[in-house]
Amino acid sequence: MPPEKDWRAPPDEAGDEALQYSDIAIGYLSRNTRYRADYTRALGRVKRGVTTADEATGALVNRWGISFHAAPASAFNAKLAVARPDLSPASIVIAPALAGIGAGPLDMEALGEVRARIRIGDFLHIILADPDGDEHLCMCGSCNGPMAVMLPIEPDPLARLASAERLCRRLNGMAAGPPALRPPPFRRLHLVTLLQVLDGHHAGASQRELAASLIHRKVRRYTNAEWIESKERKRIRRWLKEAVELRDGGYLRLLRGG
């Protein structure tokens, strides 16, 4: 998580109009103290030359499902967060094509601006910059020969199919369009508000302070008896429980738009 600021100010995620579920997921994970300690240790190992940034990132992704890139120069950069492709339908898996299906090589020039190339195990994770929401390619094998997009047989393949369609539009010189796994406005506002709940809770704010800042300032005028029976108290307790669950593992559901 970047340097802490006043929790009453909107989180950094609130200002990103191209926010995807994966961006919100890394926001929750970044507020997990065990992950932050693990990530900080990984940064230290990279600084000492014990391992490379890509190797450290791969280990973090395997343990946590998603991680910031463990490069000290760009620590906690949400735009460089990568997820395990099996957990994230937003990841477009590309591999050498079988002979005889009419596939051609991947035109790397047609991909546009590449934000990062991160090697994670057998995959080269390529992040393509896009104002509507970055695209994530997971390439396996050499891209010099015929390539094909892989659509795994899974319970809900439509999100991954939509991600692949974005890539096809890009390769044909068209605007990629908005990503499939971008939360609708109400859901986005709720999830970002829960991040603010976590920040306030971490800063030591009471549930009443959280409710007064995030629900309604009239809470400050309540008597103790009114506060105990108030709907705002019930709501903030519910929000806090949901936020903690998302921070401590529920963020993985967000990778699939859950």
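**Close-up 1. The second largest pocket of this predicted model encloses about 200 Å³ of space.** The lining of the second largest pocket is made up of Ile94, Gly104, Pro105, Leu106, Asp107, Met147, Ala148, Val149, Leu167, Cys168, Leu171 and Asn172. Strand S7 (147-150) supplies at least two residues of this lining, and helix H4 (158-171) likewise supplies at least two. When the lining residues are sorted by kind, 9 are nonpolar, 2 are polar and 1 is charged. Rolling a probe the size of a water molecule over the atoms shows where empty space is left.

**Close-up 2. The largest nonpolar core has 49 residues, and Tyr28, Tyr39, Val197 and Leu254 are the members that touch the most others.** At least two residues of this core come from each of helix H1 (21-29), helix H2 (33-47), helix H3 (53-64), H5, H6 and H8. The greatest contribution to this core is that of H8, with 7 residues. Leu254, when its neighbours within four places in sequence are left aside, is in contact with Tyr21, Ile24, Ala25, Tyr28, Arg187, Leu191 and Leu246. Another core, of 10 residues, lies apart from the largest one, and among its members are Ile94, Leu128, Met139 and Leu167. Two of these residues, Ile94 and Leu167, also appear in the lining of the second largest pocket.

**Close-up 3. Helix H6 (residues 207-214) contains the buried residues Arg208, Leu210, Ala211, Ala212 and Leu214.** These buried residues of H6 pack against three helices, namely helix H5 (185-202), helix H7 (224-229) and helix H8 (231-254). An α-helix has 3.6 residues a turn, so residues three or four places apart point the same way.

**Close-up 4. Phe76 is a residue other than glycine with a positive phi, near 60°.** Phe76 has its place in the loop between strand S1 (66-67) and strand S2 (82-83). Because buried means under 20% relative accessible area, Phe76, with a relative accessible area of 18%, counts as buried.

**Close-up 5. The side chains of Arg63 and Asp38 meet in a salt bridge, with 3.0 Å from N to O.** Arg63 in helix H3 and Asp38 in helix H2 are 25 residues apart, and the pair thus links distant parts of the chain. Arg63 is exposed, because its relative accessible area is 52%, whereas Asp38 counts as buried because its relative accessibility is 11%. Side chains of opposite charge can pair when their charged atoms come close.

**Close-up 6. Glu13 and Arg31 join their side chains in a salt bridge, at 3.4 Å from N to O.** Distant parts of the chain are linked by this pair, since Glu13 is in the segment before H1 and Arg31 is in the loop between H1 and H2, 18 residues apart. Glu13 and Arg31 are each buried.

**Close-up 7. Arg166 forms a salt bridge with Asp130, and the closest N and O atoms of the pair are 3.7 Å apart.** Here too the pair links distant parts of the chain, with Arg166 in helix H4 and Asp130 in the loop between strand S5 (123-128) and strand S6 (135-140), 36 residues apart. Arg166 is buried, and Asp130 is buried as well. Through salt bridges that share partners, Asp130, Glu135, Arg166 and Arg170 are joined into one network. Counted over the predicted model, the salt bridges come to 15.

How values were computed: Residues are numbered from 1 along each chain as its sequence is written. This is a predicted model: local features need pLDDT of at least 70, side-chain atom pairs count only at pLDDT 80 or more; totals for chains, interfaces and linings use all residues. Side-chain values use heavy atoms; hydrogens and water are left out. On a 1 Å grid over the protein atoms alone, a cavity is a set of points where a 1.4 Å probe fits but cannot get out, and a pocket is an open set with protein on both sides within 12 Å along at least five of seven lines; lining residues have an atom within 4 Å of a point. Grid points are joined across faces, edges and corners, and a volume is the space filled by probe spheres set on the points. Helices (H or I, at least four residues) and strands (E, at least two) are DSSP runs, numbered from the N terminus. Ala, Val, Leu, Ile, Met, Phe, Trp, Tyr, Cys and Pro count as nonpolar, Asp, Glu, Lys and Arg as charged, and the others, Gly among them, as polar. Buried means under 20% relative accessible area, exposed over 50%, partly exposed in between (1.4 Å probe, protein chains only). Contact means heavy atoms within 4.5 Å. A nonpolar core is a set of buried Ala, Val, Leu, Ile, Met, Phe, Trp, Tyr and Cys residues joined through side-chain atoms within 4.5 Å. A salt bridge is a side-chain nitrogen of Lys or Arg within 4 Å of a carboxyl oxygen of Asp or Glu.
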